[in-house]
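Biologist: I should like a close look at a single part of this model, namely the region around its principal pocket. Please describe the packing there in one connected account, and then set it beside the sheet found elsewhere in the chain.

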Amino acid sequence: MTEHGVGLSLLGLTKTYGSSVALGGIDLTIAPGEFMTFLGPSGSGKTTTLNLIAGFVEPDAGSIDVGGVPLVGVPPHKRDIGVVFQQYLLFPDMKVGANVAFPLRRRGVSKREAHRRSMEILEVVGLEKLADRYPRQLSGGQQQRVALARALVFRPKLLLLDEPLGALDKRLRESLQVEIRRIHREVGVTFIFVTHDQEEALAMSDRIAVFNQGVIEQVGTGEALYQNPDTLFVARFLGDSNVIEGQVSVEQGRTYIVDGSCRFLAPRAATSDARMAIVVRPECVRLASEMQPRDAGTNYLTGEITDVTFFGSRRRVTVSVDGRSFLVDESGHGPAPKVGERAVLAWGAEDASLVTIGS
């Protein structure tokens, strides 16, 4: 039952509430059929953007085009956009089939056709056998899938999902992440998903737009954002990071970040004397032997292990270096290092990122 999604274009979109800037002028293009996630902390502007697209709020300036059609000023019920909220908002006195068919009946679709299409979409979400149950007879995950079916049954131009998994426990969230991705592939509708959960964004999205204080800091695939963040905010918000801030020094054609008496080989060239930061992920740092020969393309630090935490497939080792904590992720197999032991940290310069401080 694959539909053809439509593209979305936001240009110069702004929204203020009194003296508070909720959205400071964003530009974003989403491809037809794409699964785009808006990721950011509370108050970053992601839900405001979703509400502007849905038509629940009007922008102060800027344009919203869906499939080339301008939507600013068009009331929500005429935008042909589906919305799924964290709360299921199902009608308790209606059976599942009737809940799903409701948007079609409101649009004047015949009872017979509404039933056919509701059963078709219930089959897509795996609930066709529960059409005659009431919402109270379903689990939380099943109710959320009914809400998803109801938002898709009228074949919207795009689907907006506002933290739809926020009320569910971790195991159920992970299960529904897989289900939502499957449903997206099957129906082909453009999805815009809002979350503050980094792992959820990485697991589900074709691309992610990272919001911060009313602007979009960076847009890209989860892998690109994680491995090559443009800003310190993106590096810190999307996963754990070890950050070394300092001054750029260029010596004999090599770029270093100087932090006090220490200097670290940077992963790329930069302007001398600029304030920048090296960002290295915990899994890119290894525990090295003090007796191991030093490599010219590798950075080294020496400290003391202060914590070791076992997570099954991996171990998180925390090392204190001059009062600052560094994180190391290593395999959970084999002998574990001990708290209090001396440790040498090592990472290849090319395994880190270099970002401007204050971005």
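Modeller: In this predicted model, helices α2 and α3 are oblique to each other. That description rests on their axes, which cross at roughly 120°; angles of 65 to 115 degrees count as roughly perpendicular and those over 145 as roughly antiparallel, so this crossing belongs to neither class. The axes of α2 and α3, the latter spanning residues 111-124, come within 9 Å, and α2 passes α3 in a right-handed crossing.

Helix α2 (96-106) also contributes to the largest pocket: together with β6 (81-84) and α4 (140-152), each of these elements supplies at least two residues of its lining. The volume of this pocket is about 650 Å³. Its lining comprises 23 residues, and those closest to the pocket centre are I81, V83, P103, R107 and F154. Sorted by class, the lining holds 15 nonpolar, 4 polar and 4 charged residues.

As for the sheet, 5 strands form an open arrangement in the order β13-β12-β11-β14-β20, with antiparallel pairing. Strands β13 (262-265) and β20 (353-356) are the edges, each pairing on one side only. From one strand to the next, the twist averages 45°. At the β13 edge, 4 bridges join that strand to β12 (residues 254-259), and the two run antiparallel. Within this pairing, V258 has R263 of β13 as its bridge partner. In general, strands of a sheet pair through backbone hydrogen bonds, either parallel or antiparallel.

Key: Residues numbered from 1 in each chain as written. Predicted model: local features only at pLDDT ≥ 70, side-chain atom pairs only at ≥ 80, totals over all residues. Heavy atoms only, no water. Pairing = 2+ DSSP bridges. Axes fitted to C-alpha atoms, helices over the stretch in contact; angles between N-to-C directions. 1 Å grid on protein atoms, 1.4 Å probe; cavity = no way out; pocket = protein on both sides within 12 Å on 5 of 7 lines; lining within 4 Å. Points joined across faces, edges and corners; volume = space filled by probe spheres on them. Nonpolar A, V, L, I, M, F, W, Y, C, P; charged D, E, K, R; others polar. Parallel < 35°, antiparallel > 145°, perpendicular 65-115°, else oblique. Left-handed = near helix turned anticlockwise from the far one by under 90°.
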